[in-house]
Every structure is written in structure tokens, then in C-alpha cells.
Amino acid sequence: MEARGTILLIWALAAPLVASPLVYLLPRYTARLRGPQAVEVIRAPGWISAVVGLLLVGVALGLLASLHRQPVLGADFLWTREYFHFRLRADFLTVFGLLALGLVGTGWGLAMAGHPYRSLPPTARVQALWLLLLGAAVGVVLAGDAVVFLFFWGAALLPAWLLQQGSGADTARRFAAAAYLGDVFLLLGVIGFWAAAGDSYLPYLRAALGAQEKLVGLSAILLIVGLLMRAGSFPFHGWLRGAWAKGPLETLPVALLFLTLSAYGLIRFVPGLTPPDVVAGLRWPLLLLGAASVLYGAFRALLERDLSRIATYAAVNQLGYLALAIGASGAVVAAPGVAGALVYLLVLGLGWGAFCLSLEAIAARTRTRDLDALGGLFAHAPGLAVAMILAVLTMCGCPGLLGFLGQRLLFAGGMWSRAWPIVVLGIFGSALTAAYGLRVVARIFWGERPRGLAPHFDLTGSAGPLLLGVVSLVFGVWSYPVLWLASAALATVFGMRAG
Amino acid sequence: MAILGAALTVAALLLIGGGTARLIWAPRGAAADRRVGPLPACALAQAGYVLLGLGLSLRFHDPIGASGGLLHLVTAAAGLGLLHLAPRERYSRLYLLAAVASLVGLPPLGGFISKLLIYRAALAGGRLGLVVAALAVGASLASLPPLWSRLDEESASEGSRRSSLLPALLAVTLLALGLWPELALGPLRPLAAALTR
């Protein structure tokens, strides 16, 4: 095991967890010197979060250099002497996960640094909890053992629940019940895998799961249900809608991270560990669920006028593409489907992340979430308009943006699966995605500005979503690095040839 | 020994089922219930998990279940103590959250590891063991809503609050056992081995 790799793994895990108390305490100390309402004091927690996000991107790039020499890096620590080992592990799929978390973290940090908070306490509390949540998310991505995966997955629930408290006790309770129920499905699924393989070490699971097909199939279904529940995917999206309708600011990081994490978990467990025969058996249910999620999310987003609800249904819509990609990975030639799922891991954070951060920035400054009460804001916030257009084009798979690469690969996977009707429905869903996204952009930034609506936008407020949108544009135009990374992951993690 | 183990496992499942059922269908609003809260029912269910670990160990001659059962004795005692003390404390919401999370087996608290060791022991029993593990997980799931509602009720209730050391110590113990369970498992291991023998 390369020493540099171990240091990078520990660094990635420790950075958000150490930064969390710092974010809570350090600005309080500086507030004594400058006053609690000084702009730099209020913005400090957001900046620190953005730096932690950038650090995660740096760790992902550092891991790439090590993985080039050795395809799997691992670190093993004593947890309970002979029963469980605290195993961390990094492969090319981990790099995808860390990149997604790092980019989302940087975008969120920048967006919060520009948020019009008026005093320190709310921003420090939200950022400290966000960093705890990010630390747990990094743990999930680095987990080399199913028990360690469960440990960090469950640990994310507590800071998420504390963040949800900002939306009211009822909402938080509903969220906790849905997320915990999902976790129990996940636990049962992991226990099933564990029982079938006799060990919880992930590389061993992959090798040993072939024998008991029935148990593994049932466990895979339980895992998929658990992961989709935590993400708030169709038809388990009730808690997400309830949580967002009341207080999106505190629930935004929860939704953003859960979506990325669930996507990672689905890729890691379904095409990553489950035997190909079992994935092939789950192909049609996943394809149908994905197509239903894409269409339902897009239709509902098209009908809604409330910004929070639009963002929620956009999440349901985007998660549908991932389910489509996972379903397509059950084909005889599964590589395009898996590659599409890997690219979608980034697209979810870059597209939907930029979209909902833009909506949140607009809602916070205009103090309204009603689409009909907005209009003519382009002159006030050109940066935000560009960010939102890039986000919408990424989500609908427009050429030149990363979403196009993701959708092209997953539709290719669908064709290999001989699932033509699903591919047609998916393409129709992309058109609907463009329709609801561009409708929102047109309503907010063009047309007549309602009387009395004169919000003040500064560049910092647009920086977070703009960064995510620009990254999507860069990798959409120059997709070689993403395709190279996906090919490396296909060969070393999934044992497939990119073709 | 194997028959004793099987009998203990059945008794444990009955205790877990009875405790969880009592938690869910407690006569809310009754004077006795208001006075003692969900503690007796919760303690009954937690005692069931301890017995389950011991029973599985005796049945399959593997000390992992006994280790889990004994560790659960420690984490459940700390969790129940915290559940009892927390409502009168200054940071009651945080303490209740730690207690409830540990009792239902959420990471990163001690209850997660102890329950996981017990589930791991159940897996040694093949399909029957898998059913036992699924029943135990189901009971954990079912105990969350009543305990969670207790969390909301207690944190909403007003009254004088104090800051004392014991609940803080219990909460830190639960967290420490979750992050580093070897702290308690090390000393408990010889006892678990002796019980299995």
C-alpha cells in the first residue's frame, strides 16, 4: 500500500470533520473583533466550506496519480479486533465520487458565502452541520467494507436531521422516518449480501456473490429500494417534497448530498458488486422505474409555480436518468450503461446542483418562491442567468455539456439492452426537461419585471452555480478526461472493456 | 448448551417483540405512562437484544454473539440512563437524540456496533439466522417512531433545566463506543469466551 495514498484517504475523511467545529467556532472568535454583522464574518463559514470542497477535488486528483500505478488503494485500521476492520479503499469509482462531492461542496460553499444572511449564527450552524454531513458522505465513498459503508451512511442521518429541524419538527420527523426506513432496507440488503458471501469486505463480496442467486437478488432489490428512498426518487419522493416546501435553505444540502450519495451507492452495489445475471434480471424494473421517474418529475416540474417544488421534481427527474443507466447496465454489453451511470454521478451534482443553487439564490434575494412574482432579472443577475441556462442545458442533455455525454452513453446502453421504447421515453423526457427548465429561466430572467422587485445581486452570489455550470461546459466540450476516467473505472472496478 | 442457546434465542425474540409492542401500543396519556415514559418497554426490548446475543453464541458456539450481547448491555444501560436523565437537562434535545439513536442502533453511536455484532452472530445460523436477524432489524425499525415522538414531546416541554456531568459522560461514552468499540470489547472478550465455553 502506497503511503501517499493512505495519507490522501485520511486527509479526505478528516478535512470536513475537522473543519466543522472550526466553522462553528472561528467566526465567533473573529466576530468579537469585527462585530457579528460584519460581512466578512458572516461569509467566512461559506468560504471555509468552499475550501474544503476544493480540497476534496485536490485529493481526488492526487489519488488519480497513485491509482495510475496501483489500481486499488486501501488502508486498514483496527476497529473491533477480530470482527470488523475499519477499511478505507480507493479506486477509480471512488475518484468519481470524491470529484462529485468536492464540486458540489465547492459550489455550495461559494453559494453560501454569497447568501444574504444578516448575522453569523444561522450561517455558522448550517455550515458546521453541512461539513459533518460532507464528512459522512466522504466516508461512504471511501468505505472499503460494507459495515464501514453502513456506518457512515447511517451517521449522515444525524446532521441531516438537525439541518431539517430548520424546516419544522413535523418535516424533520417525516424526513427521519423516510430516511431511516430506507436505511433499514439498505441494512437488510447488506446483511443479505454478507450472508451470501460470508464476509463484508467489498472486493471479496464481488468475487463471492455468484453462488446464491435468490438471496443476492432479494438483497439487491432491498438495497436499491433503500438507496432510492434516501435519495427521494420516484415513487419515494414524498419526504423530499414535504421538506423542500417549507424550508429549502436548510434542506438543500441534505437533498444535494443524498442524491449524490445514493447515486454512488447504486453504482457501487448494483453493477459494482451484484453478479451480472442478477443485474440482468433487474433490468426491466429499473428501466421502467427510471423512465417513470424522468417523465413524472418533468411533468410535475412543468406544472408547478413554486420554485422549491420545481427543484424537487427536477431532482426526481434527474435521478430517473441514473436509474435508466443502472438498468441499461444489465444488458449483454453493459459497458455503455455503466459508463453513463458514472458520468451521471457528476451530472447530478453539476446540473441539478447548479439549478437548485441558482433557484435558492434568487429566492433568498427576492424573498419570494412564486414563479409568477418574478421576471426581468437578467439585467440584475446576468451571471446567475448564465449559470441557470448551463444547468438546464446540462440536465436536458444538450450537446456541448456534460449531460449530453451522460445521456448519449445511457441511451446507447438502452439500445444494447433492446429497450427501444424506454429509450424513446427517455428522449421524450429530455425534451420535457428542456421545456420546464427553459420555462423557468424565461420567466425569471426575461419578460416584464414586477413593480417593486429590485433585488441586489453581487458576483459572489452567482459564483457557486456558475462554477458548477462552467465545469459542466468544460467537460462537455473536452470530454476526454471524463471518458478516460470512466474507461479506467470500467476496466479496473467493473471488469469491463470500454470498447 | 445448544438447546439452552435455542431456548434463550426464542425467549429473546419474545422479549424484543413484547417490548417493542408495548412501546408502540402504550396507553398514551395514562398517568402511569406519563410518569415512567417509554423506559420499561424500551428496557425490556434491549434486554431481549442482550439475551439474543448470548443465546446465539451458545447455539452456534461462537463468542461473537456473546461479545455483542455484553457490549449491548453497556450501550443499552448508557442509552436508557441518558433517556431517563435527559429531559431535565440543559442540552436535552442533543442528549435525547444520542440516546434514541444509540437505542435504535444508528451509527456513529455504540448501539450500532453492538446490534451489528448480534446480527453477525445470527448469520451463522443460515436461513433461520437470517430470519432472526430480519426480525431483530424490524423491531429496531418499529421502535424508532415512539422513541422519536418522545424526543419531540420532551424537548417541547418547558421547565427548569440544569447542567450536570452524568448525562454528558453517558453521551460521550456512547459516541466513544461507536467510534472505538474495542474500548469495551477488549475487557468483555474473555467474559464472552468463558460464557460460550
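Is Arg367(A) buried or exposed? I began my entries with this residue, and in this predicted model I find that Arg367(A) is exposed, because its relative accessible area is 63% and the cut-off for that class is over 50%.

**Entry on Arg367(A) and helix 15**

I looked up where Arg367(A) sits, and its place is in the loop between helix 15 and helix 16 (382-396) of chain A. I also checked its backbone: Arg367(A) has a positive phi of about 60° although it is not a glycine, and this is the residue that follows helix 15 of chain A.

I then went back along the chain to helix 15 itself, which runs over residues 335-366 of chain A and has 32 residues. From its first C-alpha to its last I read a reach of 46 Å, which is close to the 46 Å expected at 1.5 Å a residue. I nevertheless noted a kink of about 35° in helix 15 of chain A, centred on Val347(A). As for its surroundings, I recorded helix 15 of chain A as mostly covered, with 32 of its 32 residues buried, whereas Arg367(A) is exposed.

**Entry on helices 14 and 17**

How do I describe the pair formed by helix 14 and helix 17 of chain A, oblique or parallel? I looked up the axes of helix 14 (residues 307-328) and helix 17 (residues 402-416) of chain A, which come within 8 Å and cross at roughly 45°. That angle makes helix 14 of chain A oblique to helix 17 of chain A, and I noted the crossing as left-handed.

For the contacts, I listed Tyr321(A), Leu324(A), Ala325(A) and Ala328(A) on the side of helix 14 of chain A. They meet residues in helix 17 of chain A, namely Gln407(A), Leu410(A), Phe411(A), Gly413(A) and Gly414(A).

**Entry on Arg34(A)**

I looked up a second arginine, Arg34(A), which is found in helix 1 (residues 3-34) of chain A. I count Arg34(A) as exposed because its relative accessibility is 57%. Leaving aside residues up to four places away in sequence, I find that Arg34(A) touches Glu40(A) and Val41(A). I also took the separation between the C-alpha atoms of Arg34(A) and Ser262(A), which is 41 Å for two residues that lie 228 residues apart along the chain.

**Entry on chain B**

Which peptide bond did I note as cis in chain B? I noted the one from Pro107(B) to Pro108(B), with omega near 5°. Pro108(B) is found in the loop between helix 5 (92-104) and helix 6 (110-123) of chain B.

Notes
Residues numbered from 1 in each chain as written. Chains lettered and ligands numbered in written order. Predicted model: local features only at pLDDT ≥ 70, side-chain atom pairs only at ≥ 80, totals over all residues. Heavy atoms only, no water. Helix = DSSP H or I, 4+ residues; strand = E, 2+ residues; numbered from the N terminus. Expected span 1.5 Å × (residues − 1). Bend = angle between axes of the 7 residues up to and from the residue. Buried < 20%, exposed > 50% of the residue type's maximum accessible area, 1.4 Å probe, protein only. Axes fitted to C-alpha atoms, helices over the stretch in contact; angles between N-to-C directions. Parallel < 35°, antiparallel > 145°, perpendicular 65-115°, else oblique. Left-handed = near helix turned anticlockwise from the far one by under 90°. Contact = heavy atoms within 4.5 Å.
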